[in-house]
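Student: Please take a close look at one chain of this model, and connect its overall build to its helices, loops, charged pairs and surface.

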Amino acid sequence: MSIRVKRLTEPTLKEPLLICGLPDRGFIAKQVVDYLVEKLNAELFEEIYSSYFPSYVLIKKDGTVELMKNELYFWRNNGGGSDLILLTGNTQPLTPEGQYEVAEDILVKAENLGVKRIFTISSYFVEKHSTEKPKVYGVVTNPNLKEEVVKHGVQLLDRGSVKGFNGLLFGLAKLKNIGGICLLGETVEYTTPSGRMVIDVKAAQSVLEVLLKITGIEVDLSEIEKQAKTTEEFLRRIEEAEHQALEEISKTLTPKRQTYYYI
Amino acid sequence: MKTRVWLKFFDKPRLEKPLAIVGSPGLRSVGKLALKYLVKEVKAKRFAELYSSSFPILYDTKPSYATMPRFPGIAGVKVKNGGAFIPRVRFYFSVSPELIMVRGYHANFEGQYEVAEKVVEVLEEFKVKRMFVLAGYGWDGPQVCCAASNHQLIEEMKKFGLTTGYVGPFMGFSGLVFGLGVLKNIEGICLFGKTQPHPEKPEFPDPEAGKNVFRKLREILSLNNGNRFS
């Protein structure tokens, strides 16, 4: 099957911007795009299935089933600016072959829909959690775009890589002469004691704020602010628990004081 | 991906409105066992087999259905009583009740979707509108719980004392046939039999769980002509 597409409607859009946020290691991308889909009330127009996706289906809490898929939504900007195409999903292709194939498929659609600018989102991992507002780093496909991101407080990445689908899509956009901006949210990779990833909503909020400034779109941020505060509190508790655990361990590992005798 | 999938028909049964029943050797082989009991109960006949270049006989992943890219396994034949058998998906039918039964086989990552898609094509060819997918689950909960392609079906299953219970991934052959069937407008109901996971041998058979699923299916299908496991 490779790629199977279910087209629901054929939207005609005005100079659309494509914003991509498939789930990746930090989940910031998906967090941002799903928030936009919800708050803008964007309309689903295409579902993408691929044999490069994980070979299972998801049984949801309500007992119904969901296939692994990517989804394309559109939003008409009645304020006069560009319309949006939003890419999200519950997975990304698992192999480089699959990532190239799905990314190329999406870029062909983007070209056909008249997309001139692509935004992808990813995570920038740091060692230590900061109490400051997470930084947003950026990479652009065209030097002309540098000024556009820097003026909104984005720090351009000097070197490194953007792994996975969200990086590749943006790189392939360059080959097609579509301007691309990748925004990376600074985050620490936190997992719960059971190994579950903690999504850093605070980092997602920082990226979202920058994205909205660059695109000139207005979205109510109160909900993500609330979620970010909850995450921050959760992370603080994890750090406290970690600190306590380390103290306990260090106590048990401290060697007993030895008594020395002169003989 | 370059997966070859091909079918061999031994018979072309004429069925009006068959239901499909799908089971494969997943968690503790619950689905495979339940299907095996059904095949015996309704005296089903084999009418087709599906083969694939993505069917290993030795898997690189454990359990076999947790497929990963770059872990293709090793191809070969299975030997039973001196005979050799290429790994295959087996299709059975019965006329009364009108059923098509699919005993699945797990492909590697390269072929999972292609195989499931081909199976769904066969079901479409026989105008199947509803399928039951049998499998095991390793959580706390009822002896048999259900999932379905829509809420009406979940409601319908309540009259058989079934509730939802399992939440999470449904891996491998049966999960994908279920999911891709839904895409082709074949409504699906999963019956999950509670079992105890066996970390060392994930597919080690749990006949009791298989019988529980079979009993529930028999009740739903109103099969009262036998006394097996009653």
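Tutor: Buried here means under 20% relative accessible area, exposed means over 50%, and partly exposed is in between. The model is predicted, and the part examined here is chain B.

Chain B holds five helices and eleven strands. Its radius of gyration is 17 Å, close to the 17 Å that the globule rule gives for 230 residues, so chain B is as compact as a globular protein of that length. Along the principal axes, the C-alpha atoms fill a box of roughly 45 × 40 × 40 Å. Of the 230 residues, 55% count as buried. Among contacts with a separation of 6 or more, 79% are between residues 24 or more positions apart.

Helix α5 of chain B, residues 207-220, is a place to look at burial in detail. The helix has 14 residues and reaches 20 Å from its first C-alpha to its last, close to the 20 Å expected at 1.5 Å a residue. It is mostly covered, with ten of its 14 residues buried. Among the buried ones are B:A209, B:V213, B:F214, B:L217 and B:I220, and the list also includes the charged residues B:K211, B:K216 and B:R218. The buried residues of α5(B) pack against strands β2 (19-23), β8 (130-137), β9 (144-148) and β11 (187-194), and against helices α1 (30-41) and α3 (151-158), of chain B. After α5(B) comes B:S222, with a positive phi near 55°.

Some of the elements that pack against α5(B) also carry salt bridges. B:R130 forms one with B:E187, the closest N and O atoms being 2.7 Å apart. B:R130 lies in strand β8 and B:E187 in strand β11 of chain B, so the pair ties together parts that are 57 residues apart in sequence. With a relative accessible area of 18%, B:R130 falls under the 20% cut-off and is therefore buried. B:E187, with a relative accessible area of 26%, is partly exposed.

A second salt bridge sits within helix α3 of chain B, where the side chains of B:E155 and B:K158 meet at 2.8 Å, N to O. These two residues are three residues apart, about one turn of the helix. An α-helix has 3.6 residues a turn, so residues three or four places apart point the same way. Both partners are partly exposed: B:E155 has a relative accessible area of 48%, and B:K158 has 45%.

The loops of chain B contain some backbone features. In the loop between β3 (45-52) and β4 lies B:P63, which is joined to B:K62 by a cis peptide bond with omega about 0°. B:R70 is found in the loop between β3 and β4 as well; it has a positive phi of about 70° although it is not a glycine. Another cis peptide bond, again with omega about 0°, joins B:S96 and B:P97. B:P97 lies in the loop between β6 (89-94) and β7 (99-103).

Last comes the surface. Chain B exposes about 10600 Å², and carbon and sulfur atoms supply 52% of that area. B:V77, B:V79 and B:I86 make a nonpolar surface patch of about 260 Å². Of these, B:V79 is found in strand β4 (residues 78-80). B:V79 has a relative accessible area of 63%, so it counts as exposed.

Note on methods. Residues numbered from 1 in each chain as written. Chains lettered and ligands numbered in written order. Predicted model: local features only at pLDDT ≥ 70, side-chain atom pairs only at ≥ 80, totals over all residues. Heavy atoms only, no water. Patch = residues over 30% accessible without salt bridge, like charges linked within 9 Å, V, L, I, M, F, W, Y side chains within 5 Å. Areas by Shrake-Rupley, 256 points an atom, 1.4 Å probe, with all protein chains shown as cover. Salt bridge = Lys/Arg side-chain N within 4 Å of Asp/Glu carboxyl O. Helix = DSSP H or I, 4+ residues; strand = E, 2+ residues; numbered from the N terminus. Buried < 20%, exposed > 50% of the residue type's maximum accessible area, 1.4 Å probe, protein only. Expected span 1.5 Å × (residues − 1). Contact = heavy atoms within 4.5 Å. Rg over C-alpha atoms; globule rule 2.2 N^0.38 Å.
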